[in-house]
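Me: I am new to this protein and would like a close look at one part of it. Please take me through that part and its surroundings step by step.

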Amino acid sequence: MLFDTHAHYDAEQFGRDREAVLSGLAARGVSLVVNPGCDVPSSRKAVELAHAHDFLYAAVGYHPEECAPYDPADLDLFREWGKDPKVVAIGEIGLDYYWEENPPREHQQRVFRDQMALAAELDLPVIVHDREAHADSLSVVRAFPQVRGVFHCFSGSAEMARELVKLGWMISFTGVLTYKNARKAAEAAQAVPLERIMIETDSPYMAPVPHRGKRNDSGYVRHVCEKLAEIKGISYEECARITLENGKRFYGIS
């Protein structure tokens, strides 16, 4: 069975058939999914969905693209949700410098640091989004050595991946690993020990080959697993088993 460690089922793209997709995942070989929030409303929805489905877990937090309305008082909500057994991480948090219209970098960094501090307080792992902000993301991570986490949809270099592993962090790969031009992702996957790797879809975004351009869902995580197994020179079954165990260990799911 497979663990999709990052999928957004609160997203509007699943508005018409959310329950049908979720109820059909077990038959497609998916046994666990983590649904991270991106702001207060989506985090609330993630928690609600987690309670409606045994195999689904939630994370709560402000995504850097969505953090403009952040108020420190919002941390009280995240703190309360973070005590829920179905909430396994603070996330999706981090930095995104790609879009000019994103919130100012200083604001993103403040929100990121505040949520890292909350994760330290609650002893929860974090799910980090890092896009075109590698140096600053690493700087924040290093400032919180007591916090463990994962860089999801990893887009950094093999050297950065090695540095994160030294810090005790996990690396997660999406369907991007299956793209023909994904040399950087493949090099990073080769550099990271298998016990530090998780797999994900980031649904509904970034569907893997051969479904690229379509709406993504957790059933397609098998394509990520197949590609990772190829890169690592192991069987699909072994890759599925190890990444499942890695995800359960990281999120504290028995």
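Does aspartate 202 count as buried or exposed, and at what relative accessibility?

Reply: Keep in mind that this is a predicted model. Aspartate 202 counts as buried, because its relative accessibility is 8% and the cut-off for buried is under 20%. The residue sits in the loop between strand 8 and helix 8. Its backbone deserves a look too. Aspartate 202 has a positive phi of about 55°, although it is not a glycine. Most residues other than glycine have a negative phi.

Now look at the space beside it. Aspartate 202 is one of the residues closest to the centre of the largest pocket. That pocket holds about 1,100 Å³ of space. Its lining has 36 residues, and His129, Arg131, Cys153 and Met206 are also among the closest to the centre. By type, the lining divides into 14 nonpolar, ten polar and twelve charged residues. Strand 4, strand 5 and helix 7 each supply at least two lining residues.

Turn to Cys153, another of the residues closest to the pocket centre. Cysteine 153 lies in the loop between strand 6 and helix 6. It has a positive phi of about 45° and is not a glycine. Cysteine 153 also counts as buried, because its relative accessibility is 18% and the limit is 20%.

Next, go back along the loop's own neighbourhood. Proline 210 is in the loop between strand 8 and helix 8 as well. A cis peptide bond joins valine 209 and proline 210, with omega about 15°. Most peptide bonds are trans. Valine 209 also gives a link to another loop: its C-alpha atom is 9.1 Å from that of lysine 180, although the two are 29 residues apart along the chain. Lysine 180 belongs to the loop between strand 7 and helix 7. With a relative accessible area of 89%, lysine 180 is exposed.

What do these loops connect to? Start with strand 8, residues 197-199, which pairs with strand 7 in the parallel sense over three bridges. Within that pair, serine 172 stands opposite methionine 198. Strand 7, helix 7 and strand 8 form a right-handed β-α-β unit. Strand 7 spans residues 170-173, and both its faces are covered. Met170 and Ser172 are buried on one side, and Ile171 and Phe173 are buried on the other. In a regular strand the side chains alternate between the two faces of the sheet.

Step across to strand 6. Strand 6 and strand 7 run parallel and are joined by two bridges. Valine 150 stands opposite methionine 170 there. The chain passes from strand 6 through helix 6, residues 158-166, to strand 7, and this β-α-β crossover is right-handed.

Strand 5 comes next. It pairs with strand 6 in the parallel sense over three bridges, and valine 128 stands opposite phenylalanine 151 of strand 6. The route from strand 5 to strand 6 goes through helix 5, residues 134-142, in a right-handed β-α-β crossover. Five of the six residues of strand 5 are buried, so the rest of the structure largely encloses this strand.

Finish with strand 4. Five bridges join strand 4 to strand 5, and the two run parallel. The bridge partner of isoleucine 93 is valine 128 in strand 5. Here the chain crosses from strand 4 through helix 4, residues 105-122, to strand 5, and the β-α-β crossover is again right-handed. Strand 4 has its own cis peptide bond: glycine 91 is joined to glutamate 92 with omega about 20°, and glutamate 92 lies in strand 4. Leucine 95 is in this strand too. Leucine 95 is buried, with a relative accessible area of 0%. Its C-alpha atom is 8.5 Å from that of histidine 134, which is 39 residues away along the chain.

So return to the starting point: aspartate 202 is buried and is among the residues closest to the centre of the largest pocket.

Notes: Residues numbered from 1 in each chain as written. Predicted model: local features only at pLDDT ≥ 70, side-chain atom pairs only at ≥ 80, totals over all residues. Heavy atoms only, no water. 1 Å grid on protein atoms, 1.4 Å probe; cavity = no way out; pocket = protein on both sides within 12 Å on 5 of 7 lines; lining within 4 Å. Points joined across faces, edges and corners; volume = space filled by probe spheres on them. Helix = DSSP H or I, 4+ residues; strand = E, 2+ residues; numbered from the N terminus. Nonpolar A, V, L, I, M, F, W, Y, C, P; charged D, E, K, R; others polar. Buried < 20%, exposed > 50% of the residue type's maximum accessible area, 1.4 Å probe, protein only. Pairing = 2+ DSSP bridges. Right-handed = clockwise from strand over helix to strand, strands pointing away.
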